[in-house]
Amino acid sequence: MSQFTILIIKCGAAGDVIRTTSILKGLKKKYPSCRITWITSSTNLPLIQHNPLIDVKLALTEHILDELPEFFDLVISLDDELAQCKIAALKGKNKLIGAYLNENNQRTYTLDTEQWFGMGLLRPKEKGGKEKADQLKKENKKTYQQHLSEMLNVEPSEPILVYSEKERSFAQQFFDHHKLKNHDLIIGLNTGAGGRWKYKKLTEEKTAELALQLQQAFGAKVILFGGPEEMERNKKIMHLTGNKVIDAGCHHSLLAFAALLDLCSILISSDSLAMHIGIALKKQVIAFFGPTPSAEIELYGRGAKLIGHVPCIVCYLSDCDVRPTCMDTITPKEIIEQVKQLISYP
């Protein structure tokens, strides 16, 4: 009997790649001894590079079809971009689940994935288009993992993120350099969110205030995280705290960033890559939400979600003129209360 072969196409965003790994255990259970190939972007390839449940890891290139076998028993296509949809359409297969390019060269999706892709840009005009998709997205109560497990008819599981001994050693050096101890309460702060989503972020002033309150209330060791786009922002936060917190730096590789996050007991984060990494590493995560949906995020009973106290929540706008903003309504006091609950602080 030939081996059951599966192709997963999921290139971005990075956080979505991480949370999509939640389907792997279910697929392995449903199709024992299956062989899984995963195509992702070259940028996000490290996020799956060490995953033991993926047999072949490939970066999306112009010649990717030449690197693939002629046939797969199952193709799971989870991106709506043209290049990925084209691969899903061209690749020989028994069954396709997800987005693809139809005979009219239009991007569409299989009916069994309506519950997910029907909330996105591929929703056809005759079904209400983007306006209806946005409405459904706002009304949605299921997590991303629930949607995937139902579409694929597999048991839900947790996401998987594995880094190497190289990153582990790097994190240990960071730990030792900053004189951290195993008994320390180490809290990570990742309150930025890149350049696109202005109101996913806490302000620099509020972040600095929160950092100092965490130190005062719990004696916590606070580590400030961010990516390349947060470099100037984090400099300002460090200045506002009087350099009293630990700066993790903003130019680490994805897996080095993950290894540093793994030092934390608690991560306080925007809806961002750091949040998804924290969830995959089984950290206690306090995540805050404004323009994007909290319902899609599964914390697996570890942590809490804080949602902006405004009626226009889940607007998907990169900017708005509502005052106070959704992020203005989330206070350091609320976050401190959630930390107290997580550590059972009297």
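1. Let's start with Gly26, which sits in helix α2 (residues 24-30) of this predicted model. Is Gly26 buried or exposed? Its relative accessibility is 6%, so it counts as buried, the cut-off being under 20%. Setting aside neighbours within four places in sequence, Gly26 is in contact with Val154 and Glu155. If you want a sense of distance across the model, take Gly26 and Ser265: they are 239 residues apart along the chain, and their C-alpha atoms are separated by 28 Å.

2. Next, the sheet with mixed pairing. Six strands make up this open sheet, in the order β3-β2-β1-β4-β5-β6. Which strands stand at the edges? They are β3 (56-59) and β6 (107-109); each has a single partner strand, so one side of each is left without a neighbour in the sheet. On average, neighbouring strands here are turned by 30° against each other, direction ignored. Helix α5 (residues 82-90) packs on this sheet, where it touches β1, β2, β4 (71-77), β5 (92-101) and β6. The direction of α5 makes about 155° with that of β5.

3. For a closer look at one pair in that sheet, try β1 (residues 5-9) and β2 (residues 35-40). These two strands pair in the parallel sense, over five bridges. If you want a spot to find on screen, Thr5 stands opposite Arg35 in β2. As background, strands of a sheet pair through backbone hydrogen bonds, either parallel or antiparallel.

4. There is also a sheet with parallel pairing. It is open and has six strands, ordered β9-β8-β7-β10-β11-β12. At its edges are β9 (246-247) and β12, each of which pairs on one side only. Within this sheet, how many bridges link β7 and β8 (residues 221-224)? There are four, and the two strands run in the parallel sense. One bridge to look up is that of Ile187, whose partner in β8 is Val222.

5. Helix α14 (residues 332-343) deserves a paragraph of its own. Its twelve residues, at 1.5 Å a residue, should span 16 Å, and the end C-alpha atoms are 17 Å apart, which agrees. The buried residues in α14 are Pro332, Ile335, Ile336, Gln338, Val339 and Leu342. They cover an arc of only 160° around the axis, which puts them on the same side of α14. What do these buried residues pack against? Their partners are β7 (186-190), α10 (204-218), β10, β11 (284-289) and β12 (303-307). On the face turned away from the buried side you'll find the exposed residues Lys333 and Gln341. Right after the helix comes Ser344, with a positive phi near 55°.

6. Ser272 is worth clicking on as well. It belongs to the loop between β10 (266-270) and α13 (273-280). With a relative accessible area of 13%, Ser272 falls under the 20% limit and is therefore buried. Its side chain makes a polar contact with the side chain of Ser269, at 3.2 Å. Leaving out residues up to four places away in sequence, Ser272 touches Asn190 and Gly192.

7. Now for the backbone oddities. Most residues other than glycine have a negative phi, and most peptide bonds are trans. Where are the cis bonds? One joins Gly12 and Ala13, with omega about -5°. Ala13 is in the loop between β1 and α1 (14-20). Another cis peptide bond runs from Arg323 to Pro324, where omega is near 0°. Pro324 is in the loop between β12 and α14.

8. Two more positive phi values to check. Lys282, in the loop between α13 and β11, has a phi near 60° despite being a residue other than glycine. At 47% relative accessibility, Lys282 counts as partly exposed. Tyr316 is not a glycine either, and its phi is positive at about 60°. You'll find Tyr316 in the loop between β12 and α14. Is Tyr316 buried, partly exposed or exposed? At 29% relative accessibility, Tyr316 counts as partly exposed.

Key: Residues numbered from 1 in each chain as written. Predicted model: local features only at pLDDT ≥ 70, side-chain atom pairs only at ≥ 80, totals over all residues. Heavy atoms only, no water. Buried < 20%, exposed > 50% of the residue type's maximum accessible area, 1.4 Å probe, protein only. Polar contact = N/O pair within 3.5 Å; in protein donor to acceptor, adjacent residues only side chain to side chain. Contact = heavy atoms within 4.5 Å. Expected span 1.5 Å × (residues − 1). Arc of directions from axis to C-beta. Pairing = 2+ DSSP bridges. Axes fitted to C-alpha atoms, helices over the stretch in contact; angles between N-to-C directions.
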